[in-house]
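Here are a few exercises to work through with the model open on your screen. Try each task before you read its solution.

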Amino acid sequence: MRILLVEDNQRLLHLVADGLRGGGFTVDGFPTVADAESALSTIGYEALVLDLGLPDGDGLDLLRRFRARGGNMPVLVLTARDGIDDRVRGLNAGADDYLLKPFAMEELLARVRALLRRPGHALGVVLTCGDIALDTVSREITVGGQTTSVPKRETDMLEQLLRRVGRVVPKRALEEGLYGFDDDVSSNTVEAIMSRLRKRLAQSGATASIHTLRGVGYMLSEDEPAA
Ligand code: CA
């Protein structure tokens, strides 16, 4: 598996590259946006590990352009910016995950491996949590093996939650996903859609639930089995 690593701090570039190689990956490391762009245009990578503050630009702009061209490999952002705003900006720019500096090499390896296992970049994969399953291509949702009819907006939200099971999905990232719909917005706020989706899952007897983290976002996690 070949990984593109973009990091301008030479010491960190070498450390991370060595760590990834130790984990069995092939790594191309570059310190600038320009180098990364040219590598991306010529080589097919399985994943991108991206620093944000680069000498010739912002990693997020690189990421945005890459996604706009249809680039769909998983992207892990390395950032020293510990603010929800920056995380939301990153998610909106197309990042799949974050790692705050400083981080342990084992953590980076674990996150990269998780991203490569995550089915976002593969087609026709089933995302699951508890007894909820969503086929990313057919869009069919089953709860406990029973097909459940779910409107498109709720399906899209559920997909975003399923892609980050056990982790918070920022509300603004979910809102961004709604911009494509041009109809009545008032009855289709994230809160309203989440509320309907939560009810629907509960009524179907799902063994996973949507949790609200006020002012931050939503998280899907499997329910604790009853004692
Ligand atoms: Ca940097």
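The exercises below cover two sheets, a helix pair and a metal site.

A quick word on ground rules: this is a predicted model, where local features need pLDDT of at least 70, side-chain atom pairs count only at pLDDT 80 or more, and totals for chains, interfaces and linings use all residues. Residues are numbered from 1 along each chain as its sequence is written, and side-chain values use heavy atoms, with hydrogens and water left out.

**Exercise 1. Work out the strand order of the sheet that holds β8, and find its edges.**

Start with the elements: helices (H or I, at least four residues) and strands (E, at least two) are DSSP runs, numbered from the N terminus. Two strands pair if DSSP finds at least two bridges between them. On that basis, four strands make an open sheet, ordered β8-β9-β10-β11, with antiparallel pairing. Next, the edges: β8 and β11 (146-148) each have a single partner strand, so one side of each is left without a neighbour in the sheet. The twist averages 25° from one strand to the next.

**Exercise 2. Zoom in on the hairpin of β8 and β9.**

First, the pairing: β8 and β9 (residues 132-135) run antiparallel and are joined by four bridges. Across from T128 you'll find A133, and V126 stands opposite D135. Then check the turn: two residues lie between the strands, and G130 takes a positive phi near 60°. Last, the faces of β8 (residues 126-129): L127 and C129 are on the covered one, V126 and T128 on the uncovered one. In general, side chains in a regular strand alternate between the two faces of the sheet.

**Exercise 3. Describe how α6 and α8 meet.**

Step one is geometry. Axes are lines fitted to C-alpha atoms (for helices, over the stretch in contact), and angles run from 0 to 180 degrees between N-to-C directions. The axes of α6 (residues 152-162) and α8 (residues 190-203) come within 10 Å and cross at roughly 85°. That makes α6 roughly perpendicular to α8, a label used for 65 to 115 degrees.

Step two is the contact, meaning heavy atoms within 4.5 Å. Among the residues making it are M157, L158 and L161 of α6 and I193, M194 and L197 of α8. By class, the contact has eight nonpolar, no polar and four charged residues.

Step three: is α6 buried or exposed? Buried means under 20% relative accessible area, exposed over 50%, and partly exposed in between (1.4 Å probe, protein chains only). Nine of the eleven residues of α6 are buried, so α6 is largely enclosed by the rest of the structure. The buried ones include R153, E154 and D156.

**Exercise 4. Map the five-stranded sheet.**

The order is β2-β1-β3-β6-β7, an open sheet with parallel pairing. β2 (26-30) and β7 (97-100) stand at the edges, each with a single partner strand. Inside, β3 (residues 47-51) and β6 (residues 75-79) pair over four bridges, with L48 opposite V75.

**Exercise 5. Which residues coordinate the calcium ion?**

Donors are N, O and S atoms within 2.8 Å of the metal (3.2 Å for Na, K and Ca); water is not among the atoms, so sites may look incomplete. Here the ion is coordinated by D8 (OD), D51 (OD) and G53 (O), at 2.2 to 2.3 Å. Along the chain, the donor spacing reads D-x42-D-x1-G. Finally, accessibility: D51 counts as buried at 5%, while G53, at 40%, counts as partly exposed.

Technical notes
Parallel < 35°, antiparallel > 145°, perpendicular 65-115°, else oblique. Nonpolar A, V, L, I, M, F, W, Y, C, P; charged D, E, K, R; others polar.
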